[in-house]
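Student: I have a structure open and would like to go through some of its local features. Could we take them one at a time?

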Amino acid sequence: MDKKAIKQEIKSSVKSAKSLKGEERRSALSKLKELVKEKKAEKKMIDFSDMEQLTLKVLRSPGIAEEYRGRFRYVFVDEYQDILRATV
C-alpha cells in the first residue's frame with residue numbers, strides 16, 4: 001500500500017469515527033490509533049511524537065546521558081513550547 005492509499009484509509013477512518021458517539025467512538029478512535037501505528041511500522045516511518053519518545057529513550061540509555069552531560073553544559077531546544085512533558 002502506498003502513502004497516498006494509507007492517508008486515504010486513515011482519513012476515511014477519522015470521518016467514520018466522527019459520526020459515532022460514546023463508547024463506539026472511543027473504540028473506533030482506539031482502532032484508528034492502532035491502524036496508524038501499524039502503518040508507520042510497515043513503512044518504517046516515525047512522526048514527531050515518535051522522535052521525541054525515541055530521543056528520550058536513547059538519552060536514558062546507560063552511558064548516553066553521562067556522555068552528553070560531560071560534553072555539553074546546556075542544550076537549546078527550539079520551539080520549546082511545543083514539546084511534550086516527556087521531554088522536559
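Tutor: We shall discuss a lysine, a pocket, an aromatic pair and a loop residue, bearing in mind that this is a predicted model.

Student: Where is Lys40 located?

Tutor: Lys40 belongs to helix H2, which covers residues 22–42.

Student: Is Lys40 buried or exposed?

Tutor: Lys40 is buried, because its relative accessible area of 18% falls under the 20% limit.

Student: And which residues does Lys40 touch, leaving aside neighbours within four places in sequence?

Tutor: With those neighbours set aside, Lys40 makes contact with Met45, Asp47 and Asp50.

Student: Let us turn to the second largest pocket. What is its volume?

Tutor: The volume of the second largest pocket is about 170 Å³.

Student: Which residues line that pocket?

Tutor: Lys40 is one of the lining residues, and Met45 and Asp47 are also among them. The others are Lys3, Ile6, Lys7, Ile10, Val36, Lys39 and Ile46.

Student: Which helices supply at least two residues of that lining?

Tutor: Helix H1 (3–18) and helix H2 each do so. The largest share, 4 residues, comes from H1.

Student: What is the lining like by class?

Tutor: The lining of the second largest pocket has 5 nonpolar and 5 charged residues, with no polar ones.

Student: Back to Lys3, then. Is Lys3 buried or exposed?

Tutor: Lys3, in helix H1, has a relative accessible area of 57% and is therefore exposed, the cut-off being over 50%. Lys40, by contrast, is buried, although both residues appear in the pocket lining.

Student: How many residues separate Lys3 from Lys43 along the chain, and what is the distance between their C-alpha atoms?

Tutor: Lys3 and Lys43 are 40 residues apart along the chain, and their C-alpha atoms are separated by 8.6 Å.

Student: New topic: how many aromatic pairs are found in the whole structure?

Tutor: The search finds 1 aromatic pair. The partners are Tyr68 and Phe72, whose ring centres are 5.9 Å apart. Their planes lie at 10 degrees, so the pair is stacked.

Student: What is the relative accessibility of Tyr68, and what is that of Phe72?

Tutor: Tyr68 is at 36% and counts as partly exposed. Phe72, at 39%, also counts as partly exposed.

Student: Lastly, what is the phi of Lys44?

Tutor: Lys44 has a positive phi of about 55 degrees, although it is not a glycine. Most residues other than glycine have a negative phi.

Student: Where does Lys44 lie?

Tutor: Lys44 is in the loop between H2 and helix H3 (48–59). Lys44 is also exposed, with a relative accessible area of 77%.

Terms used. Residues are numbered from 1 along each chain as its sequence is written. This is a predicted model: local features need pLDDT of at least 70, side-chain atom pairs count only at pLDDT 80 or more; totals for chains, interfaces and linings use all residues. Side-chain values use heavy atoms; hydrogens and water are left out. Buried means under 20% relative accessible area, exposed over 50%, partly exposed in between (1.4 Å probe, protein chains only). Contact means heavy atoms within 4.5 Å. On a 1 Å grid over the protein atoms alone, a cavity is a set of points where a 1.4 Å probe fits but cannot get out, and a pocket is an open set with protein on both sides within 12 Å along at least five of seven lines; lining residues have an atom within 4 Å of a point. Grid points are joined across faces, edges and corners, and a volume is the space filled by probe spheres set on the points. Ala, Val, Leu, Ile, Met, Phe, Trp, Tyr, Cys and Pro count as nonpolar, Asp, Glu, Lys and Arg as charged, and the others, Gly among them, as polar. Rings of Phe, Tyr and Trp (its six-membered ring) pair if their centres lie within 6.5 Å; planes under 30 degrees apart count as stacked, over 60 as edge-to-face and the rest as tilted.
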